[in-house]
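Reader: I should like to learn how the features of a model are read from its coordinates. Please take me through them in turn, with the general idea before each case.

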Amino acid sequence: DLSWPDHARFHATWASAKFLALGIIVALIAQNALKKAQRWAWWAMLTYLLIGMGGMIPAMLWHGDGPPTRPLVMVSIMVLFMIVALFGSAKIIFSSEQQ
């Protein structure tokens, strides 16, 4: 938003880069460690789901604002898929001999 001060735009750009890096890390965990049924990876993904994605709820409550409807619907669908994937993989991961 060009109406924001330079410092606010700096933080928005920096935050975007951090989210990109986090997305790459989450994808790598999902494609590698989670596929190998490593428990730490399941817990890492749950932490990302609860804090990373779930953090949007208190942010919306505290600030009275949030993303527009279309992005909110997309995020909700992604969260639903993550919940299904985590619960679906829990039995395999926690019944596995690996740790």
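Author: Let us begin with a pocket. By class, the lining of the second largest pocket holds eight nonpolar residues, two polar residues and no charged residues. Here Ala, Val, Leu, Ile, Met, Phe, Trp, Tyr, Cys and Pro count as nonpolar, Asp, Glu, Lys and Arg as charged, and the others, Gly among them, as polar. The model is predicted: local features need pLDDT of at least 70, side-chain atom pairs count only at pLDDT 80 or more, and totals for chains, interfaces and linings use all residues. Residues are numbered from 1 along each chain as its sequence is written, and side-chain values use heavy atoms, with hydrogens and water left out.

Reader: How is a pocket found, and what volume does the second largest pocket have?

Author: Rolling a probe the size of a water molecule over the atoms shows where empty space is left. On a 1 Å grid over the protein atoms alone, a pocket is an open set of points where a 1.4 Å probe fits, with protein on both sides within 12 Å along at least five of seven lines; lining residues have an atom within 4 Å of a point. Grid points are joined across faces, edges and corners, and the volume is the space filled by probe spheres set on the points. For the second largest pocket, that volume is about 160 Å³.

Reader: Which residues line the second largest pocket, and which elements give two or more residues to the lining?

Author: The lining consists of Leu49, Met53, Gly54, Met56, Ile57, Met60, Leu72, Val75, Ser76 and Val79. Two or more of the lining residues come from each of H2, helix H3 (56-63) and helix H4 (69-95). Helices are DSSP runs (H or I, at least four residues), numbered from the N terminus. H4 gives the largest share, four residues.

Reader: What volume has the largest pocket, and which residues line it?

Author: The largest pocket holds about 240 Å³ of space. Its lining is made of Phe19, Leu22, Gly23, Tyr48, Gly52, Met53, Gly55 and Met56. Helix H1 (6-33) and helix H2 (39-53) each contribute at least two of these residues. By class, five lining residues are nonpolar, three are polar and none is charged. Met53 and Met56 appear in the lining of the largest pocket and also in that of the second largest.

Reader: How is a salt bridge recognised, and how many does a search of the whole structure find?

Author: Side chains of opposite charge can pair when their charged atoms come close. The criterion is a side-chain nitrogen of Lys or Arg within 4 Å of a carboxyl oxygen of Asp or Glu. The search finds one: the side chains of Arg9 and Asp6 meet at 2.5 Å, N to O. Because they stand three residues apart in helix H1, about one helical turn separates Arg9 and Asp6.

Reader: Are Arg9 and Asp6 buried or exposed?

Author: Buried means under 20% relative accessible area, exposed over 50%, and partly exposed in between (1.4 Å probe, protein chains only). Arg9 is partly exposed at 27%, whereas Asp6 is exposed at 58%.

Reader: How should a surface patch be read, and which residues make the nonpolar one?

Author: A patch is made of residues with over 30% relative accessible area and no salt bridge, like charges being joined within 9 Å and nonpolar side chains (Val, Leu, Ile, Met, Phe, Trp, Tyr) within 5 Å. Areas come from the Shrake-Rupley method with a 1.4 Å probe, and for residues only the protein chains shown count as cover. Val73, Met74, Ile77 and Phe81 make a nonpolar patch of about 410 Å². Ile77 belongs to helix H4 and is partly exposed, with 39% relative accessibility.

Reader: How many of the eight residues of H3 are buried, and where is a positive phi found?

Author: The number buried in H3 is zero, so this helix lies largely in the open. Just after H3, Gly64 has a positive phi of about 65°. Ala37, a residue other than glycine, also takes a positive phi, near 60°. Ala37 sits in the loop between H1 and H2 and is buried, at 11% relative accessibility.
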